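User: I would like to go through this model and ask for the grounds of each label. Please set each value against its cut-off.

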Amino acid sequence: MLLVLCTHTAFADDDDDEEGGKHKKARRSELGLSYPMTNTSFFYRYREFGYGQFGTSYDTSFSFKLKSKGGFGLTVGGFIPIIPAHAKTSMLAFNITGSFNIITWDLGSVADNAFNDGSLFYDDALVTSSTMIMSFLLGFDYKYGADAALDKGQRFCFTMGGGVAPTMTLTQFGGIPAGASMKVKPYAKVELGMMAGICMKLRVLYTIGDLDYFSYHDKGSTYDESLSLTDKSNFAVALVLMPMSFKWEKKDKWDR
């Protein structure tokens, strides 16, 4: 939430920009709701050691693609012009966005009568798990249309961009203490938007690269247990609003 607040502060400033006070930084601010989806793998291994003449040992493991059963997120940010293009209908901009997402995992129920009562999956246990993902997106955008010119006389807008996303995650798994991880991942995004009172955009965001959400290892005198939860890629769809876009000017064609 600190990331989101810091990003909001950066674009809530009412100082004049390079256009002589005609537009404010806040008029480029964005606020949205997102739905995250992930390509995540789950791996579990449990070994038990037998001792003595009739002691038995076994080693069991399984892995599968893990689906999320729900999720939601918030995104706050904006952009700073770098190179306005000819006719003021397109530009290169630097984008700063903070995002906060929560995902719950559908682990279901895993039964194995051979597990002892120290196992996470003993006696057909139903394990719940969830992950919080906090990211700070920094990148470059090519923008065309209404939001590039801050012109509500233009009906549509388009953005294509990419950059890096410093990411921190916090994952809870059953009764195990939460595990945290950090990584910088590259991302790509595409936006399509239109003016309907204010500027509304549909954003598709794709982050690339492995990220270990959670890793656990427990070893005793008679057993050894480990598991991992690894994100292979992350995909999010967001509805993004530019709440201050109603203050944009409606420019004549010869002013563009």
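**Labels and their grounds**

User: Which residue takes a positive phi in the hairpin of strand 7 and strand 8?

Analyst: Gly197 does, with phi near 90°. The hairpin has 1 residue between its strands. This is a predicted model, and the same caution applies to each value below.

User: What makes strand 7 and strand 8 a pair?

Analyst: The cut-off is at least two bridges found by DSSP. Strand 7 and strand 8 are joined by 10 bridges and run antiparallel, so by that cut-off they pair. One point along the ladder is Gly193, which stands opposite Lys201 in strand 8.

User: What makes strand 6 and strand 7 a pair, and what lies in the turn of their hairpin?

Analyst: Strand 6 and strand 7 (residues 176–196) have 17 bridges in the antiparallel sense; at least two are required, so the pairing holds. Gly161 faces Lys189 in strand 7. The hairpin leaves 2 residues between the strands, and Gly174 in the turn has a positive phi of about 55°.

User: How do you know that strand 5 pairs with strand 4 and with strand 6?

Analyst: Again by counting bridges. Strand 4 and strand 5 (residues 129–145) share 16 bridges, antiparallel, and Ile102 has Met132 in strand 5 as its bridge partner. Strand 5 and strand 6 also run antiparallel, joined by 15 bridges, with Ile133 partnered by Thr169 in strand 6. Both counts satisfy the requirement of at least two, so both are pairs.

User: How many helices and strands does the protein chain have, and how do the elements run?

Analyst: There are 2 helices and 9 strands. From the N terminus the order is α-β-β-β-β-β-α-β-β-β-β.

User: Why is Leu150 called buried?

Analyst: Its relative accessible area is 1%, and buried means under 20%, so the label applies. Leu150 sits in the loop between helix 2 (146–149) and strand 6.

User: What is the phi of Leu150?

Analyst: Phi of Leu150 is near 50°, positive although the residue is not glycine. Most residues other than glycine have a negative phi.

User: Why does Ser221 count as exposed?

Analyst: Exposed requires over 50% relative accessible area, and Ser221 has 61%, so it counts as exposed. Ser221 belongs to the loop between strand 8 and strand 9. Its C-alpha is 9.1 Å from that of Glu48, with the two positions 173 residues apart in sequence numbering.

User: Why is there no bond between Cys157 and Cys199?

Analyst: A disulfide needs sulfur atoms within 2.5 Å. The sulfur of Cys157 is 3.8 Å from that of Cys199, its closest cysteine sulfur, which is too far for a bond. From the other side, Cys199 is in no disulfide either, and its nearest cysteine sulfur is that of Cys157. The search of the whole structure finds 0 disulfides.

User: Why do Cys157 and Cys199 count as buried?

Analyst: Cys157 has 5% relative accessibility and Cys199 has 0%. Buried means under 20%, so both qualify.

User: Which residues touch the most other members of the largest nonpolar core?

Analyst: They are Phe42, Trp105, Phe173, Tyr213, Phe214, Leu227 and Leu229, in a core of 16 residues. Strand 1 (29–48), strand 4 (90–105), strand 8 (198–219) and strand 9 (223–242) each give two or more residues to this core. Strand 8 gives the most, with 4. Another core, of 11 residues, lies apart from it and includes Phe79, Met91, Ala93 and Leu150.

User: Where in the protein chain is confidence lowest, and where is it highest?

Analyst: Helix 1 (residues 2–11) is lowest, at a mean pLDDT of 53, and strand 6 (residues 156–173) is highest, at 93. For the protein chain the mean is 79, with 75% of residues at 70 or more.

User: Over which residues does pLDDT stay under 50, and how many contacts does the model have for them?

Analyst: Residues 13–23 stay under 50, with 20 contacts beyond four places in sequence. Residues 111–115 are also below 50, with 11 contacts beyond near neighbours in sequence. Where pLDDT is low, the predicted coordinates should not be read in detail.

Conventions. Residues are numbered from 1 along each chain as its sequence is written. This is a predicted model: local features need pLDDT of at least 70, side-chain atom pairs count only at pLDDT 80 or more; totals for chains, interfaces and linings use all residues. Side-chain values use heavy atoms; hydrogens and water are left out. A nonpolar core is a set of buried Ala, Val, Leu, Ile, Met, Phe, Trp, Tyr and Cys residues joined through side-chain atoms within 4.5 Å. Buried means under 20% relative accessible area, exposed over 50%, partly exposed in between (1.4 Å probe, protein chains only). pLDDT is the predictor's confidence in each residue, from 0 to 100. Contact means heavy atoms within 4.5 Å.
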